[in-house]
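Subject: Structure handover

Hello,

Here is the structure I said I would pass on. My notes on it follow below the model.

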Amino acid sequence: MFTGIIEHVGRIESLNGALDGGSQTARLRVHAGHLAASLAISGSIAVNGCCLTIVEISGELFAADLSSETLRRTSFAEMKHGTRVNLERPLAAGKEFGGHFVQGHVDGIGRVVRWEEHRDSDGAAWWLGVRLPPELARYAAMKGSIAIDGISLTVANIAGDTVEAAIIPFTFANTNLKALRVGDAVNIEADILAKYLERMLETRRPAAASSALTVERLVQEGF
């Protein structure tokens, strides 16, 4: 479990196997800087919001294996050497909980459609717009939470399948957002509460439907 509060911005050192024909896995190596000293083999870490298992540590580098499912659902396949990535260690017991509940299970890939500086009376800020896949847009709610590249953000506007968020200077300076460009792919994780609520409602629909009075039901009963 994570919170979406980014601890460090690392960079991709290498990604081998992702583009090989028929390859089912890829080995990702990330330069984690000072964060590497606190990592351990078999431990978890969120890389751009995707929970990965650490399989190798060498100095300030760690490695993780990516399955075909991970490559399909995330933006890793589009990353290159030097790409900046957000890093967060799992939430520890007793640690202050900020952000929102983030599982590290990326739901899909969004595309940046708006990324611009916006100045107001409170100082410089930035405005981020991301187009969501159709199957994820329904989970977005005004003032609700969404994880974009692992960053816990509050939805400030919804326009069709596009969600927008105001980015404060601290978040801009301490995440990979400063390197974003329009058209870039970003990892999206919808709020887990929205997904559970949808599932609960789905399980109630058959019972409700069976008790509904319809013409077909009346005919079946002989009326």
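Thr 3 touches Glu 88, Leu 91, Phe 97, Gly 98, Gly 99, His 100, Val 102 and Ser 152, with residues up to four places away in sequence not counted. Please bear in mind that this is a predicted model. Thr 3 is found in the segment that precedes β1, the strand of residues 8–16. With a relative accessible area of 5%, Thr 3 is buried, because the cut-off for that class is under 20%. The side chain of Thr 3 also reaches the backbone nitrogen of Ile 5, at 3.2 Å.

Cysteines

The number of disulfides in the structure is zero. Cys 50 is in no disulfide, and the nearest cysteine sulfur to it, that of Cys 51, is 7.2 Å away. Likewise, Cys 51 is in no disulfide, its nearest cysteine sulfur being that of Cys 50 at 7.2 Å. A disulfide requires the two sulfur atoms to be within 2.5 Å, so the pair at 7.2 Å does not qualify. As for accessibility, Cys 50 counts as buried at 5%, whereas Cys 51 is partly exposed, with a relative accessible area of 30%.

Each of these two cysteines turns up in a contact list. Cys 50 is in contact with Thr 70, and Phe 76 is the other residue that Thr 70 contacts once its neighbours within four places in sequence are left aside. Thr 70 lies in helix α1, which covers residues 68–73, and at 17% relative accessibility Thr 70 counts as buried.

Cys 51 is in contact with Gln 103, along with Met 1, Phe 2, Glu 189, Ile 192 and Lys 195, again leaving aside neighbours of Gln 103 within four places in sequence. Gln 103 sits in the loop between β6 (84–88) and β7 (108–120). Its relative accessible area is 22%, which makes Gln 103 partly exposed. The C-alpha atoms of Gln 103 and Gly 150 are separated by 9.6 Å, with their positions 47 residues apart along the chain counted as the step from one to the other.

The β9–β10 hairpin

Strand β9 (residues 145–148) pairs with strand β10 (residues 151–154) in the antiparallel sense, over four bridges. Ile 148 stands opposite Ile 151 in β10. Two residues lie between the strands of this hairpin, and Asp 149 takes a positive phi there, near 50 degrees.

Positive phi elsewhere

Two further residues are worth listing under this heading. Lys 143 is a residue other than glycine with a positive phi, near 65 degrees. Lys 143 is placed in the loop between α2 (134–137) and β9, and at 63% relative accessibility Lys 143 counts as exposed. Ser 42, which is not a glycine either, has a positive phi of about 85 degrees. Its place is in the loop between β2 (25–31) and β3 (44–47). Ser 42 is exposed, with a relative accessible area of 59%.

Cavities

How many cavities of 30 Å³ or more does a search of the whole structure find? The search finds two. The largest cavity has a volume of about 40 Å³. Its lining consists of Leu 132, Leu 136, Tyr 139, Ala 140, Ser 145, Ile 146, Ile 188, Ala 190 and Asp 191. The elements that give two or more residues to this lining are β9 and β13 (185–190). Strand β9 is the strand that pairs with β10 in the hairpin described above.

Helix α3

Phe 170 has its place in helix α3, residues 169–173. Is Phe 170 buried or exposed? Phe 170 is exposed, because its relative accessible area of 60% is over the 50% cut-off. The C-alpha atoms of Phe 170 and Ala 125 are separated by 9.3 Å, and the two residues are 45 residues apart along the chain.

Regards

Technical notes: Residues numbered from 1 in each chain as written. Predicted model: local features only at pLDDT ≥ 70, side-chain atom pairs only at ≥ 80, totals over all residues. Heavy atoms only, no water. Buried < 20%, exposed > 50% of the residue type's maximum accessible area, 1.4 Å probe, protein only. Pairing = 2+ DSSP bridges. Polar contact = N/O pair within 3.5 Å; in protein donor to acceptor, adjacent residues only side chain to side chain. Contact = heavy atoms within 4.5 Å. 1 Å grid on protein atoms, 1.4 Å probe; cavity = no way out; pocket = protein on both sides within 12 Å on 5 of 7 lines; lining within 4 Å. Points joined across faces, edges and corners; volume = space filled by probe spheres on them.
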